[in-house]
Amino acid sequence: MKRIIYSLALIVASLSASAASITNVYGRDYKLLNGRWDAIVDLYDQGDRMKVYENRKPATATDFYEYSFDGGLRLEVPGDWNSQSPELKYYEGTVWYGRHFNAEPRPGEREILYFGSVSYRCNIYLNGRLIGSHEGGFTPFEIDVTDDLKIGDNFLVVEVNNRRTKDAIPALAFDWWNYGGITRDVMLVTVPDNYVRDYTVQLDRSKADVINIDVTMSQPVAGVNVSVDIAGLGKRFDGVTDAEGKVSGSIKSKNLKRWAPDAPVLYDVTVTGGSDAVKERIGFRNIGVDGTKILINGEPQFMRCVSFHEEIPQRMGRAFSKADATMLLNEARDLGVNMIRLAHYPQNEYTVRMAEEMGIVLWQEIPVWQGIDFTDDATRAKAQSMLTEMIQRDKNRCAVGFWGVANETKPSPERDDFLKSLLATGRAIDTTRLYVAAFDLVEFDRDRQLFTMNDPFTDNLDVVAVNKYMGWYHPWPLSPDKAVWDVNPDKPLIISEFGGEALFGQSGSSDVTSSWSEDYQARLYRDNLAMFENIPNLAGVSPWILFDFRSPFRFHPTNQEGWNRKGLVSDRGQRKKAWYIMRDYYNKKRNR
Ligand code: GCU
């Protein structure tokens, strides 16, 4: 997409597009616009010049258009394009999506077009007019289209571009597949003129019996009656909006059953405002730190974690559905986890809500992954938007315990400023969760015979996380059971990544890294688990990663073939020997 057009589109469209702030879209009256959309692959970005979004048809004998949305490529929405056509496996560029849909806008109602995510950037056109745009491949956005809709047939065009750029987040290189497309649900949401736009219903950060409530109506009108009813508690908050359409308050209840991994209690909550009413199931829990311990509801918890990408390896495509969430989460549950690090970006809402029902704590993060341009103000603003959009979508999800702001960033004054601005942005919205970042800066100090890390930025975090690949990228400098760590000894430390690659079914020497064997991977896991016993402030571990996943820079022609093979489970769902080692380790941890 040409930069000049895109930035112009941003200026024009930013007036009407907005980061999604309609809370709990799945609890609304909506029509899914999923299905097979028409598509035009535009490698040279000529669609703008040709105005394909006008979807013109020849009207006279001399008219002609060198495009048509009819009779060409069709792509499933939601879904990445890479897994839908062999020619698009590596495609990075623009694809124009188009579809008709019927609308019956009624007086007294608003119609909101909502995208769960589009990867990576997009412009939205309705009936030939640019109405919005968004950048960021993993967070939702919405556009109020009430005044743009026609009664009856409407034509929606989404110009999607997934080209990697230096100023993007993530930037030019990252260790996962650069999937492009309309990758999550698209909906047309119908709401009353003045609707319950945003609400937070959340247990106080430190109190076990106070539920804080903030409700914002869509219109800044005073005097609107608002109520929050928590069935099962027999409690209800009633209030009246102020001149900004807002109302806050709290509910106190001594018999609240708090959500916890071994008892994921959720309550039916109804938020009513004027003629609007929204329902969803919400859990209430405290999470915090005490010295080097992570506390859930005041009890120390060891985080038995695992990561997974938002990818279904068997389909070689992005995960987006309830069925996909079920497959990924069941495999994690069988490992014995009580936490999942959703790497390295916010994942779809089905996964988040299902994890909550299953009692799995979540670490969600934005893809500030390694080589980000920390000197670029526009890049910083994008990261802040992504963080805001992530928190806005999931702030009522008690399963989310951690917000992650970075992965493996190199220390510099610019990086520190950039990340501090993210922490300030997050904490301005949500102080009830723990802020974390993953670092790969732990070194072995030969003089002190200790593993140490020197990154003062960690002082700004609630929990410090370390990615360390002992036995894979780093040979052991001493016997694993003699390895002692001295890393942020006064804070909880999570080993957020460790592991090594193995091709399922490949046997070989457990002493030879390049054997890419299950035997070597199993030995590597036993060695790392032995080392973890000597980390005094260890509060959790997270093997990298649950499933083998696709990555364009995993070149080895027989062991990798474009796959990162660090999975405990192969791309075909086969559990490797290391899976059983982790399962036994977590069983012991759970029963301690
Ligand atoms: C890094 C990074 C991961 C990557 C992993 C690997 O730590 O955080 O995204 O996949 O190492 O090299 O396999």
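1. Aspartate 462 lies in the loop between strand 30 and strand 31 (463-467). The model in which this placement is described is a predicted one.

2. With a relative accessible area of 18%, aspartate 462 counts as buried, because the cut-off for that class is under 20%.

3. Two polar interactions of the aspartate 462 side chain deserve attention. One is a polar contact with the side chain of arginine 427, at 3.5 Å. In the other, the side chain of aspartate 462 reaches the backbone nitrogen of tyrosine 435 at 2.8 Å.

4. When neighbours within four places in sequence are left aside, the residues in contact with aspartate 462 are Val289, Arg427, Arg433, Leu434, Tyr435 and Pro492.

5. Valine 289, one of these contacts, stands opposite isoleucine 294 in strand 20. Strand 19 (287-290) is joined to strand 20 (residues 293-296) by 4 bridges, and the two run antiparallel.

6. The open sheet here consists of 3 strands in the order 19-20-21, with antiparallel pairing. Strand 19 and strand 21 (299-300) are its edge strands, each pairing on one side only.

7. Helix 7 covers residues 518-532; at 1.5 Å a residue its 15 residues should span 21 Å, and the end C-alpha atoms are 21 Å apart, so the two values agree.

8. Of the 15 residues of helix 7, 12 are buried, and the helix is thus mostly covered. Among the buried residues are Tyr520, Leu524, Tyr525, Leu529, Met531 and Phe532, and also the acidic residues Glu518, Asp519 and Asp527. The elements that cover them include strand 30 (450-452), strand 32 (485-486), strand 33 (493-497), strand 34 (538-541) and helix 8 (577-590).

Technical notes:
Residues numbered from 1 in each chain as written. Predicted model: local features only at pLDDT ≥ 70, side-chain atom pairs only at ≥ 80, totals over all residues. Heavy atoms only, no water. Expected span 1.5 Å × (residues − 1). Buried < 20%, exposed > 50% of the residue type's maximum accessible area, 1.4 Å probe, protein only. Contact = heavy atoms within 4.5 Å. Polar contact = N/O pair within 3.5 Å; in protein donor to acceptor, adjacent residues only side chain to side chain. Pairing = 2+ DSSP bridges.
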